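Please examine the model shown below, beginning with its nonpolar interior. The paragraphs that follow move from there to the helices, the confidence of the prediction and the charged side chains.

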Amino acid sequence: MRARDLLLRSGTWWLVDRLVTGFAALVTQVWLARILGVESYGHVAYITGVIALLFPIAQMGVGGLVGAALVQNEAHQRDIIAAATGWRLIGGVVAALLGMIYWSAGLQTPASSTPLLLLSAALVPLGFSFLEFRFQAIQ
């Protein structure tokens with residue numbers, strides 16, 4: 001397959017992914033705002049903002065690097081995926097701990113307290129998203 005065809009195919013999938021994800025997010029946010037009302041939606045937006053600040057820590061920025069390493073070092077794919085998964089797991093734990101520290105500081109409203117704690121803990125499983133790396137290597 002020529003590089004141009006591969007780039008076009010990958011770019012098309014990326015564009016479709018972004019459009020579908022963006023549209024789904026828009027519909028979800030509008031629906032939540034209508035259902036929850038102003039105050040409750042404000043709590044959701046606040047929690048989402050805090051988690052959005054912690055999310056890059058959980059991801060550890062290894063996605064593109066791992067994809068490139070997998071393509072360049074086909075013989076060591078298992079080791080690379082294991083290392084990336086471990087690194088993301090560490091990042092997820094660190095992000096969850098930061099969220100829990102923020103929660104324990106009491107800087108949020110009482111209505112936001114429990115969801116913030118639960119969503120912080122939900123950052124830990126991001127370390128197990130090794131399938132993303134495997135699919136990057138297949139292309």
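In this predicted model, the largest nonpolar core consists of 8 residues: Ile47, Val50, Ile51, Leu54, Ala58, Ala95, Leu116 and Leu123. Helix H1 (residues 3-59) supplies the largest share of this core, with 5 residues. A separate core of 6 residues lies apart from it and includes Val62, Val66, Leu70 and Ile80.

Ala58, a member of the largest core, touches Arg88, Gly91, Gly92, Ala95, Leu123 and Leu126, when residues up to four places away in sequence are not counted. Of these contacts, Arg88, Gly91, Gly92 and Ala95 are among the buried residues of helix H3. The buried set in H3 also includes Gln77, Ile80, Ile81, Ala84, Thr85, Ala96 and Gly99.

Helix H3 covers residues 77-104, and at 1.5 Å a residue its 28 residues should span 40 Å. The C-alpha atoms at its ends are 40 Å apart, so the model agrees with the expected span. Just after H3, Gly106 adopts a positive phi of about 75°.

Confidence varies along the protein chain. H3 has the highest mean pLDDT of its elements, 84, whereas helix H5 (residues 130-138) has the lowest, 62. Where pLDDT is low, predicted coordinates should not be read in detail. For the protein chain, the mean pLDDT is 79, and 91% of residues reach 70 or more.

The structure contains 1 salt bridge, in which the side chains of Arg18 and Asp17 meet at 3.9 Å, N to O. Arg18 is partly exposed, with a relative accessible area of 47%, and Asp17 is likewise partly exposed, at 36%.

Note on methods
Residues numbered from 1 in each chain as written. Predicted model: local features only at pLDDT ≥ 70, side-chain atom pairs only at ≥ 80, totals over all residues. Heavy atoms only, no water. Helix = DSSP H or I, 4+ residues; strand = E, 2+ residues; numbered from the N terminus. Expected span 1.5 Å × (residues − 1). Buried < 20%, exposed > 50% of the residue type's maximum accessible area, 1.4 Å probe, protein only. Core = buried A, V, L, I, M, F, W, Y, C linked by side-chain atoms within 4.5 Å. Contact = heavy atoms within 4.5 Å. pLDDT = per-residue confidence, 0-100. Salt bridge = Lys/Arg side-chain N within 4 Å of Asp/Glu carboxyl O.
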